[in-house]
Amino acid sequence: MPIVQLRPPEESFDEIIFGKLVKLDAIILCEGKTEVETVKQIIEKLSIEIPITIGLADCKGITRVPRETWAIAALVKVARKLKNIGVLVDAENQNYIDRAKSIIDSLRAKEFKVEDLKPVKNSQQVFETIICTDRKPITLTIAVSGITQYSFKKHTIENHTVKLMLLEGKIEKNTISKHEAAEEIVGREKTLEIIKQANRENIKKAYNHIIQILKQLTT
Amino acid sequence: MLLVLKSVSIKGFRGIKECAIEDFSDVNIFIGRNGAGKSTVLEAIYASSAWLNAVDELRNRRKLDYIIERRAGRGGWGSSRNILWYLMDVEKDVEIKLSFARKKELRLKLISKDFEGNVWSTLPADLHYELEKHWRGYVFYSYFKDKFGLPKLHSTSKENIGAKELFAKYYGDAIKFLENITFIDSWLLSKPDIVERKVWPKILAKRLDKLIVKSIREGYRIDAEGLTYMPIGGVHVLALQLSKTTVRVDDLGDGVKNAILVSATILPLEKTAVLIEDPEIHQHPGGLATLMDFTMRIAKKKHLQLFISTHSIELVRIVNKLCSEIGLECKTFFLERSSDGIVDVRTLEKVDVDTLLKLGLDPRLLHII
């Protein structure tokens, strides 16, 4: 069971109670349900081998801002076996590194000892750092969604679906400039269907940051 | 809120080789798998109170004997006492260290050579100068017996030597706090007669029964009008007066019965700790919320520090929510015992419980991370 969806809790509860799931090696905190489903779909479509057990958590229910920081803080505080925490967030209006730094700054403001961010090889959108705890260090990998070259007002996971649609020849390049948000082109429910039907190489190009975060967490 | 017990450290007691829990709150919830050590932590705190009074006045038996008996141990201290030692290794003393506010510590021991089964304290360094004057060489003290002991209890002083005042002055409020610690478990709740005989007169004297009736009426949707004594078989038993009939407490549903007994046991207490084992038993979530609401409000009013063991996530949520509303600090401790008896403790504040639940991680199942 390499991937376990944590929400709704019933998804993981049975796995734990009936003894199949004894340990999570890593947890990816996702911005929302779309990210959770996208990650699952990419793993399935590309047949990515996951040699460890990764929990996929949807942070949408956490209302405190920045919500991913609260989730990281809670996990770092209580985890004993967890080696890696991944975070998949939208760039929104920031550039990739600033968005990742904002999470580190929030953690430091909560008095966590966090090393400086380092970019991960083969991606400008994935960064890694170490959170030092009294027990053992936890690796934090942050993948920032969005394609800042696009003229959308906000940069989100749907930007990548737009890129995939472009690569697949489903839309023209000038379509982007006609819309303020990627969601207007994609429609949330369409993402999974588009990935399902797409060419594997195009998926790798469009969702490189997701593939890189999975690599970082599993190697 | 009067916060007295700050931390506990346990070595070699029952299934626990080592366990340290720090930064206790007003309300402390212990969660974890079966055998994690939740009940043993409650028992260790309860056993500590035997340093001051070896007898549980409510149960009318020695506290250490009760710990042995309540887990189906046969016999008392004399025949079954070894089970109190980790892996029955009686050569190593059981050690329980309690830390109180104002940095006062009480280091207690159970020593197998002591066939009387006293709980002994080591002598606080601050008292050494005072004690050296009359009690040179002694290293242990039993407050209950008011006597000193030499190393390894080779010899002990006479009893009732008049040293209690010295210790009472040193430990201050902690003495009364410890002495009155009350342990509510399913054994106690299965004996309504104990509450009837030992607790109910105190309740009636101050008409605190009205509070219980109000809580039962509102929380359990029962048309309760009052509590009374009802003559049955030559004895008088506690009974709930309804609008059309009167029902013995024994004959009520288990949830309502337990709520009455827990509430009655807590109400007369003040400035002490209450240890409650699995209060969710027989409770519908609505009933549990009512019982916990009552318990938290009384705890706040009467300065009671609560230690609750549970397997119920509803209880964790209810108590955390109530504490926020009422203004009590609550912490949840996840206990996990390794195969070599070391208990690892993870501390969760309300925000952690809320965050984990929203991520889909049940705090009771933290062993997977």
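Two strands are taken to pair if DSSP finds at least two bridges between them. In the predicted model described here, β12(B) and strand β13 (residues 235–242) of chain B meet this condition, being joined by eight bridges and running antiparallel. Within this pair, Thr228(B) stands opposite Ala239(B) of β13(B). The two strands belong to an open sheet of three strands in chain B, ordered β12-β13-β14, in which the pairing is antiparallel. The edges are occupied by β12 (224–232) and β14 (246–248) of chain B; each has a single partner strand, so one side of each is left without a neighbour in the sheet. On average, and with direction ignored, neighbouring strands of this sheet are turned by 35° against each other.

A further set of pairings in chain B involves β1, β2, β6 and β7. Strands of a sheet pair through backbone hydrogen bonds, either parallel or antiparallel. Strand β1 (residues 5–13) of chain B is paired with strand β2 (residues 16–21) of chain B in the antiparallel sense, over five bridges. One bridge partner can be named on each strand: Ile10(B) is matched with Cys19(B) in β2(B). The connection between β1(B) and β2(B) is a hairpin with two residues between the strands, and Arg14(B) in the turn has a positive phi of about 50°.

β1(B) also pairs with strand β6 (residues 94–100) of chain B, again in the antiparallel sense and over six bridges. Opposite Ser9(B) stands Lys97(B) of β6(B), while Leu5(B) is placed opposite Phe100(B) of β6(B). β6(B) in turn pairs with strand β7 (residues 105–110) of chain B, antiparallel and over six bridges. Here Val94(B) stands opposite Leu110(B) in β7(B). β6(B) and β7(B) form a hairpin with four residues between them, and a positive phi of about 60° is found at Arg102(B) in the turn.

Strand β17 (residues 330–337) of chain B contains Phe333(B). With 23 other C-beta atoms within 10 Å, where 20 or more are required, Phe333(B) is classed as buried. When residues up to four places away in sequence are not counted, Phe333(B) touches Ile21(B), Asn28(B), Ile29(B), Phe30(B), Val345(B) and Thr347(B). Thr182(B) is 151 residues from Phe333(B) in sequence, and the C-alpha to C-alpha separation of the two is 20 Å.

Helix packing was examined in both chains. Two packed helices are described by the angle between their axes and the distance between the axes. In chain A, the axes of helix α5 (residues 158–167) and helix α7 (residues 190–197) come within 10 Å and cross at roughly 40°. α5(A) and α7(A) are therefore oblique to each other, and their crossing is left-handed. On the α5(A) side the contact is made by Glu158(A), Thr161(A), Leu164(A) and Met165(A), and on the α7(A) side by Thr191(A), Ile194(A) and Ile195(A). By class, the residues of this contact are four nonpolar, two polar and one charged.

In chain B, the axes of helix α10 (residues 254–266) and helix α11 (residues 285–302) come within 10 Å and cross at roughly 5°. This angle is under 35 degrees, and α10(B) and α11(B) are therefore roughly parallel to each other. From α10(B), the residues Gly255(B), Ala259(B), Val262(B), Ser263(B) and Ile266(B) take part in the contact; they meet Gly287(B), Thr290(B), Leu291(B), Phe294(B), Thr295(B) and Ile298(B) of α11(B). The residues of this contact comprise six nonpolar, five polar and no charged.

Between the chains, 16 residues of chain B are in contact with 24 residues of chain A. On the side of chain B that touches chain A, the elements giving two or more residues are β18 (342–348) and α13 (350–359) of chain B. The largest share of that side, six residues, is supplied by α13(B). Divided by class, the side of chain B that touches chain A has nine nonpolar, two polar and five charged residues.

Conventions. Residues are numbered from 1 along each chain as its sequence is written. Chains are lettered from A and ligands numbered from 1 in the order in which they are written. This is a predicted model: local features need pLDDT of at least 70, side-chain atom pairs count only at pLDDT 80 or more; totals for chains, interfaces and linings use all residues. Two residues are in contact if their C-beta atoms, placed from the backbone, lie within 7 Å. Ala, Val, Leu, Ile, Met, Phe, Trp, Tyr, Cys and Pro count as nonpolar, Asp, Glu, Lys and Arg as charged, and the others, Gly among them, as polar. Axes are lines fitted to C-alpha atoms, for helices over the stretch in contact, and angles run from 0 to 180 degrees between N-to-C directions. Angles under 35 degrees count as roughly parallel, over 145 as roughly antiparallel, 65 to 115 as roughly perpendicular and the rest as oblique. A crossing is left-handed if the near helix is turned anticlockwise from the far one by less than a right angle, and right-handed if clockwise. A residue is buried if 20 or more other C-beta atoms lie within 10 Å of its own, exposed if 12 or fewer, and partly exposed in between; C-beta atoms are placed from the backbone.
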